[in-house]
Every structure is written in C-alpha cells, then in structure tokens.
Amino acid sequence: MEQSGQGGRGGRDVVIVGAGVAGTSVFLHLVRTLGREKAGRMRSIRIVDPNPVGRGLAFGDTDPLLLCNTAAEVNSLLADEPADFVAYLRARGRPVEPRDCVPRARMAEYCRDRFEEARKTAEALGVEVAHVPAAVGSIAAGTVRLSTGQELRADAVVVCTGVHRPRVPDGFAAFTGHPRYSPAPYPAVRLRDPGAGPPPGAEVLVLGCRQSAIDASLLLCRDGHRVTMASPSGVLPAVRFSLGAPVRDFPPLERVARLDPADPLLEEKVRRATVEAVRSLDRTPLRRQSSSAADPVTRLREETALVEADACAWPGVVMAAMEAVIELGARLPAARRRALLERHGWFITRYATAMTVLNARLLLAHIDSGALRLARAYPRAVAYEAGAWRVEWPGPGEPARARSEPGRFDHVVNATGFDQPRLYWSADGTTLHPAEPPRHSGTVDFLAADLRVRRSPGARPEPVWVVGVGTHVRIPFSNHLRNVVRQARRVAEEVSGAADGGERAAVARGTAV
C-alpha cells in the first residue's frame with residue numbers, strides 16, 4: 001500500500017471508518033485542528049458507517065433501561081474538555097451530576113449533535129463533510145472501497161470500528177442461526193420482537209454473567225420473561241456507584257507506568273501499587289470493602305449494601321489503575337502484556353467492569369420476585385427438540401452441580417461478549433480489510449506508538465491509523481473512553497499536520513497516546 005501524499009486538489013481527503021464514539025471524537029478533533037489559517041490543509045472528511053452517527057453498538061440502543069456504565073463526567077468526546085458531556089446534558093434541560101450514569105441513548109444524541117455542530121464549522125471553512133451510509137470493504141493505495149461498490153479517495157484513513165461479531169459460546173456453534181437463539185442482546189428491540197426474540201412469557205437461558213448478560217437479563221425480566229443466567233465462572237461483577245474519574249492523584253499508580261518491562265516482579269508490583277492506592281483512601285481492609293461470599297446472590301446483596309452505606313473506597317481507584325496499566329501496557333511486548341492482564345483477570349472481571357448499583361438493585365428485585373435465577377453451572381450439553389431447548393447440566397460427581405436449574409427453555413440469548421475487531425492484510429499484502437476476506441496473509445497485530453498501521457515493526461507506516469477498540473493489539477482496556485478520546489486528539493493532530501516537532505517526538509516515544 002502506497003502513501004498518497006497531501007492531496008492534489010486543495011488539501012487532504014480524510015476517511016474515518018466508523019461513526020460511533022471513537023469516529024465522532026476523531027472528527028471533532030480534526031475540525032478543531034483546522035482554524036481558518038489551516039483550513040486549506042483539508043479538502044474533505046467523510047465518515048463511513050452503515051449506521052447514523054453515534055448509533056454504534058455501545059451507545060446506539062434507545063432502550064432507557066440500558067445505562068452507561070461510566071459516569072457522565074468521563075464521557076466527553078473532547079480530550080481537552082472533560083466536562084463537555086455534562087454541560088451538553090444540562091444545557092438541554094437534563095439535570096445530571098458528574099458521577100451519574102445516564103441512558104446510553106443520551107451518548108448517541110450527544111455524538112449526533114456535536115457532529116452536526118462540527119460539520120457546520122468545517123463547511124464554513126470550506127471543508128466538504130459527509131456521512132456515507134455504507135460499510136468499508138477494503139483500503140488500498142489511497143482508495144477506500146465501500147460495500148456499495150463506490151470508491152472514496154483518501155490521503156489518510158482512520159479506522160474506528162468497534163465490536164460487532166458476537167462470540168460463539170461453548171456448545172452452541174451449531175445453533176448460531178437458529179430462530180430461537182439470539183446472538184447478542186443488542187439492539188434491545190430484537191428481544192422485544194416475538195419473531196426474533198423470545199415469545200411472550202418465555203423461559204429464557206442467558207449465557208454469560210458480565211455486563212451484556214446483566215443487560216439482557218434486566219431487559220427480559222422487565223418484559224415478563226423468566227430468566228436463568230449461566231456462565232462457566234458464575235462470578236458476577238462487583239458493585240459500585242459508577243466508574244468515575246480518579247478522586248485524587250495516586251503516587252503508587254503513577255509509578256506503575258515507569259516500571260521496567262523486564263522486571264520479573266512486574267505483575268506483583270502492579271498489584272501492590274493498586275492495593276496501596278486503595279489504602280490511601282481508606283485503611284479499612286479490602287476484604288471488608290467487598291463480599292467474599294461464595295454464593296453469587298449473597299455476594300451481590302452484600303456488595304450492594306456496602307455501596308449504599310458508602311463503605312467501599314476501591315471504586316475511586318479503578319480508573320487511575322486502568323490508566324496506569326494502559327500506559328505501562330503500551331510499552332510491553334505482546335506476550336508480557338497478555339501475562340499482565342491474565343495475572344490481573346480478577347481485577348478486570350470483578351472491578352474494572354463492575355456493575356452500577358442501579359442495575360444491582362434491579363437484579364436483586366428480579367431475583368427476589370422469582371423472575372431471575374443464577375445457575376450454579378454452565379450447560380454440559382444442549383439440544384433443540386420438540387420446539388424447546390433441552391439443557392443438560394453437570395451431573396453427579398461433576399463440579400458445580402446444578403440440581404435445581406430447569407432443563408427446558410423457550411429461547412437462548414448469547415451474552416458472552418464480542419470478538420475484538422481486527423484488520424486483515426490481503427494475500428499479497430497490498431490491501432487492508434476491516435472484515436476477514438476469504439484469503440488473507442494475516443491480521444494487523446502490531447501498532448507503534450503513533451497508532452499507524454505497518455506491515456511489520458520497522459516497516460514504513462501506511463496512511464492508516466487506528467483509534468478505539470481496534471488498538472487492543474497494543475493498548476490494554478482499549479475501550480476505555482477517556483483514553484479513546486485522547487487517541488482521537490493525537491491522531492487528528494497527526495492527520496491534519498497540526499502536531500509540532502515536540503509532539504511528534506512524544507508520539508515516537510509512546511508518551512502521548
């Protein structure tokens with residue numbers, strides 16, 4: 001793939017692939033880099049997505065029951081204006097406190113409105129702007145080819161695709177197209193459609209126990225179904241008010257980013273720094289700030305009570321810990337980064353992705369009413385016979401026996417999560433594909449600090465950048481919104497040519513991502 005230069009028709013043509021939060025943020029930051037004296041550098045900006053701007057998987061669902069898991073104070077699209085989302089909501093008559101969790105539809109509205117405002121600004125500067133409702137098939141030699149057959153000229157491409165492909169849960173590979181199987185809980189409207197979702201008053205098996213499964217269970221119970229939630233671990237996320245900005249500076253976590261990547265005690269030092277940070281907020285032993293109950297319902301009940309009593313300090317540290325690991329992880333070799341995340345899987349599954357106390361209360365209400373049960377095991381075998389799912393649970397002598405779980409279900413909802421998005425090289429190495437082509441030479445499994453695509457470490461950079469979830473090949477917690485908008489600002493400055501020499505040097509060192 002060859003770089004196409006600065007554009008020969010009065011500035012650069014930029015294509016943003018994806019119109020969700022990451023793509024919208026890139027667009028906003030691009031427009032902010034222009035100014036009248038620099039507007040000539042940009043000829044056009046096209047944002048390509050089959051869905052309307054802001055209506056991605058994460059925030060595009062309009063069901064009011066689905067809340068952001070992060071606080072409003074950390075949901076700004078602008079890296080330099082962290083209070084922008086709160087200000088947006090208040091300006092539209094929606095009273096909100098910085099640490100409140102709001103319906104996800106509010107984020108979609110925010111993306112759409114900020115996009116339209118920035119579009120007007122760009123067009124006033126002479127920059128052509130368009131949302132192109134299509135998918136991207138390939139990126140090559142200054143051309144972006146769309147699913148419609150149309151081709152867009154591009155001097156720079158920023159790939160901001162989020163997650164789309166649901167994981168296939170164990171035992172269900174043969175049933176992914178079954179009419180009584182929902183591959184994902186989103187969009188929620190599908191679960192309310194008797195043709196695509198469960199029939200009225202159904203017995204539903206939800207596979208998973210994290211955020212997607214919690215969403216699915218709340219939606220289904222609200223609509224009158226009886227739900228059984230099952231997962232191999234049976235471990236629900238912890239409970240917190242919301243995921244807000246760090247409540248203060250934490251010197252132990254600030255030191256994490258400077259740890260030696262080759263230190264054999266790296267993982268243990270990260271753990272110690274996190275514990276030390278929590279203790280700086282509250283000397284109460286950590287075991288008393290969460291529940292150690294073996295039964296998941298008892299643990300959920302006890303942790304909800306702790307949050308309501310304001311008796312746990314650990315949520316104030318979580319975002320600082322995540323951001324410290326993001327900065328450290330960007331410096332680690334891939335194998336060491338995986339080892340770090342595996343070692344701290346307990347932190348990720350329970351605390352980094354903890355549920356809001358609002359959802360915890362709803363789950364407990366459905367459990368107490370009998371509408372929701374948590375299975376003690378994951379199905380050992382499953383079949384669809386005589387118009388129903390027949391589930392076989394672990395039997396005598398096997399671990400995690402579940403005697404009391406029903407064996408018949410009307411519908412199954414997969415809520416085990418989504419595969420991470422990837423870019424694929426064509427077989428001849430000249431073209432990039434956001435979706436896996438029939439023949440390819442492999443995936444983009446390396447990103448340098450500037451987030452530009454290269455065929456291999458040390459190869460010349462392509463005119464293609466990645467922002468958001470797709471940076472998972474380099475960045476831990478790649479969906480962390482505050483880091484995504486920082487990436488968007490940095491890449492926008494690079495694409496527009498606005499970064500000065502010192503900023504470019506910082507990117508090369510990896511300190512500005």
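User: Let's count Ala, Val, Leu, Ile, Met, Phe, Trp, Tyr, Cys and Pro as nonpolar, Asp, Glu, Lys and Arg as charged, and the others, Gly among them, as polar. How many nonpolar residues does the lining of the second largest pocket have?

Analyst: Keep in mind that this is a predicted model. The second largest pocket holds about 360 Å³ of space, and 19 residues line it. Sorted by class, that lining has five polar and five charged residues, and its nonpolar residues number nine.

User: Which residues are closest to the centre of the second largest pocket?

Analyst: The candidates are the 19 lining residues of this pocket. Those closest to its centre are Leu57, Asp61, Tyr186, Pro187 and Arg190.

User: Two of those names sit side by side, so to speak. What is the omega of the peptide bond from Tyr186 to Pro187?

Analyst: Pro187 is in the loop between β8 (181-182) and α4 (188-191). As a rule, most peptide bonds are trans. The one from Tyr186 to Pro187 is cis, and its omega is near -5°.

User: β8 turns up in a sheet too. In what order do the five strands of that open sheet come?

Analyst: Strands in a sheet pair through backbone hydrogen bonds, either parallel or antiparallel. Here the pairing is parallel. β8 and β13 (372-374) each have a single partner strand, so they stand at the edges with one side lacking a neighbour in the sheet. Reading across, the order is β8-β17-β9-β10-β13.

User: Is strand β9 largely enclosed or left open by the rest of the structure?

Analyst: Buried means under 20% relative accessible area. In a regular strand, side chains alternate between the two faces of the sheet. On one side of β9, Glu203, Leu205 and Leu207 are buried, and on the other Val204 and Val206 are buried too. With five of five residues buried, β9 (residues 203-207) is largely enclosed.

User: Which residue in β10 stands opposite Leu205?

Analyst: β9 and β10 (residues 226-230) run parallel and are joined by five bridges. Within that pairing, the residue opposite Leu205 is Thr228.

User: And on to β13: which residue there stands opposite Val227?

Analyst: β10 and β13 also run parallel, with three bridges joining them. Opposite Val227 in β13 you'll find Leu372.

User: Now β4 and β5. Which residue in the turn of their hairpin has a positive phi?

Analyst: β4 (residues 136-140) is mostly covered, since four of its five residues are buried and buried means under 20% relative accessible area. Four bridges join β4 to β5 (residues 143-146), and the two run antiparallel; one of the pairs is Ser138 with Arg145. Two residues lie between the strands, and the one with a positive phi, about 45°, is Ala141.

User: Which strands are the edge strands in the β14-β15-β16 sheet?

Analyst: This open sheet of three strands has antiparallel pairing. Five bridges join β14 to β15 (residues 388-392), with Ala383 opposite Arg390. The strands that pair on one side only are β14 (381-385) and β16 (408-409).

User: How far apart are the end C-alpha atoms of helix α3?

Analyst: α3 (residues 104-124) has 21 residues. The expected span is 1.5 Å times one less than the number of residues, so α3 should cover 30 Å. The value in the model agrees with that: 31 Å.

User: Is Asp310 buried or exposed?

Analyst: Most residues other than glycine have a negative phi, but the phi of Asp310 is positive, near 55°. Asp310 belongs to the loop between α8 (296-308) and α9 (315-329). Exposed means over 50% relative accessible area. Asp310 is at 68%, so it counts as exposed.

User: And Phe477, buried or exposed?

Analyst: Phe477 also has a positive phi, near 50°. The loop between β21 and α13 (481-496) is where Phe477 lies. The cut-off for buried is under 20%. At 14% relative accessible area, Phe477 is therefore buried.

User: Last one: what separates the C-alpha atoms of Arg455 and Phe409?

Analyst: Arg455 is in the loop between β20 (440-443) and β21 (464-466), and is partly exposed at 39% relative accessibility. Leaving aside neighbours within four places in sequence, Arg455 is in contact with Trp425, Gly429, Ser441 and Glu462. Phe409 is 46 residues from Arg455 along the chain, and their C-alpha atoms are separated by 48 Å.

Technical notes: Residues numbered from 1 in each chain as written. Predicted model: local features only at pLDDT ≥ 70, side-chain atom pairs only at ≥ 80, totals over all residues. Heavy atoms only, no water. 1 Å grid on protein atoms, 1.4 Å probe; cavity = no way out; pocket = protein on both sides within 12 Å on 5 of 7 lines; lining within 4 Å. Points joined across faces, edges and corners; volume = space filled by probe spheres on them. Pairing = 2+ DSSP bridges. Buried < 20%, exposed > 50% of the residue type's maximum accessible area, 1.4 Å probe, protein only. Contact = heavy atoms within 4.5 Å.
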